[in-house]
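Welcome! Take a moment to look over the sequence and the model, and then let us walk through some of the features together.

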Amino acid sequence: MQKNLKLKSMRALLDLTQAELAERVGVSRQTINAIEKGEYNPTIKLCTAICKTLGKTLNDIFWEDDNDEQSQIR
Amino acid sequence: MMNNHKFDERQLWIRGNIFMHAFIAQVALLLVNAFLVDNGFIWAERFHENLLLLLIPIFICSLELIFRDVYVQTKAQRLITIGIFSIGSIFGIITCMVDYRKGEAFITNDMLTSNGGSLATFLIFFTITVCLIIKTIKDRIASSDE
């Protein structure tokens, strides 16, 4: 599974740590870490909660397009 | 860290997988034990044989839960578990040792005695406690590094 660099960058933009985001969303820090690393595929419910917390849409954070895949391969 | 006092979806998924491992281990142990008993090899007294057959999968399951960080939800629960398990297991081990010194052996005729079975039971809980303490220390070091 691909790394979710969008989530990582959006979180960094708001100056939030993984632990802070996890607390706001109501999950463990390890879960946020696993999502960012691409080790865990969250449910739509959790995706929505993360998007609401970060003030972004699902497309902004979780939509994968071809450009992302190519940039990760490089 | 977590203040919702509930496991999140990823943790529940991990716990489900771990419980499945425990179930498979339980079935495997029952089959092995049935095979041994069928061939006339009795390795423990009846009560402790059944108790250990139950406890070994719980032991495997507990270690996996601890090291995958889904054993207990809060730090308070972790401390309570450590407290109860350590006091109980150390007291039990000491009791077994006292009985051993009084002449109750742990193994006779290639078979776990009642005292030996009790010692094995308490050692299982003691090992779970030690693992929980190690994981707690490891987590503290990791959080202080962040």
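A good place to begin is a single glycine: A:G26 takes a positive phi of about 90 degrees, and its place is just after helix α2 of chain A. Please keep in mind that this is a predicted model.

**Chain A**

Which residues of helix α2 of chain A, residues 18-25, are buried? They are A:Q18, A:L21, A:A22 and A:V25. Looking down the axis of α2(A), you would find these buried residues within an arc of 100 degrees, so they line one face of the helix. What do they pack against? Their partners are three helices of chain A, namely α1 (5-13), α3 (29-37) and α4 (44-54).

Stepping back, chain A as a whole has 6 helices and 0 strands. Read from the N terminus on, its elements run α-α-α-α-α-α. The chain has 74 residues, and buried residues make up 35% of them. Contacts along the sequence can be looked at too: among those in chain A between residues at least 6 apart in sequence, 56% join residues at least 24 apart.

**Chain B**

Now let us turn to a pair of helices in chain B. Helix α1 of chain B covers residues 9-38 and helix α2 of chain B covers residues 46-67. The table gathers the values for their packing.

| Feature of α1(B) and α2(B) | Value |
|---|---|
| Packing angle | about 150 degrees |
| Separation of the axes | 9 Å |

How are the two helices oriented? The angle of about 150 degrees makes α1(B) roughly antiparallel to α2(B), because angles over 145 degrees count as such. The crossing of α1(B) and α2(B) is right-handed. The residues of this contact divide into 14 nonpolar, 3 polar and 3 charged.

Which residues meet there? On the α1(B) side, they include B:R15, B:F19, B:A22, B:L29 and B:V37. On the α2(B) side, B:E49, B:L53, B:P57, B:I60 and B:L65 are among them.

One more residue of α1(B) deserves a look: B:A28 lies in this helix. Is B:A28 buried or partly exposed? With a relative accessible area of 36%, B:A28 is partly exposed, because that term covers values between 20% and 50%. B:A28 and B:P57 are 29 residues apart along the chain, and their C-alpha atoms are separated by 9.8 Å.

Methods. Residues are numbered from 1 along each chain as its sequence is written. Chains are lettered from A and ligands numbered from 1 in the order in which they are written. This is a predicted model: local features need pLDDT of at least 70, side-chain atom pairs count only at pLDDT 80 or more; totals for chains, interfaces and linings use all residues. Side-chain values use heavy atoms; hydrogens and water are left out. Axes are lines fitted to C-alpha atoms, for helices over the stretch in contact, and angles run from 0 to 180 degrees between N-to-C directions. Helices (H or I, at least four residues) and strands (E, at least two) are DSSP runs, numbered from the N terminus. Angles under 35 degrees count as roughly parallel, over 145 as roughly antiparallel, 65 to 115 as roughly perpendicular and the rest as oblique. A crossing is left-handed if the near helix is turned anticlockwise from the far one by less than a right angle, and right-handed if clockwise. Contact means heavy atoms within 4.5 Å. Ala, Val, Leu, Ile, Met, Phe, Trp, Tyr, Cys and Pro count as nonpolar, Asp, Glu, Lys and Arg as charged, and the others, Gly among them, as polar. Buried means under 20% relative accessible area, exposed over 50%, partly exposed in between (1.4 Å probe, protein chains only). The arc is that of the directions from the helix axis to the C-beta atoms.
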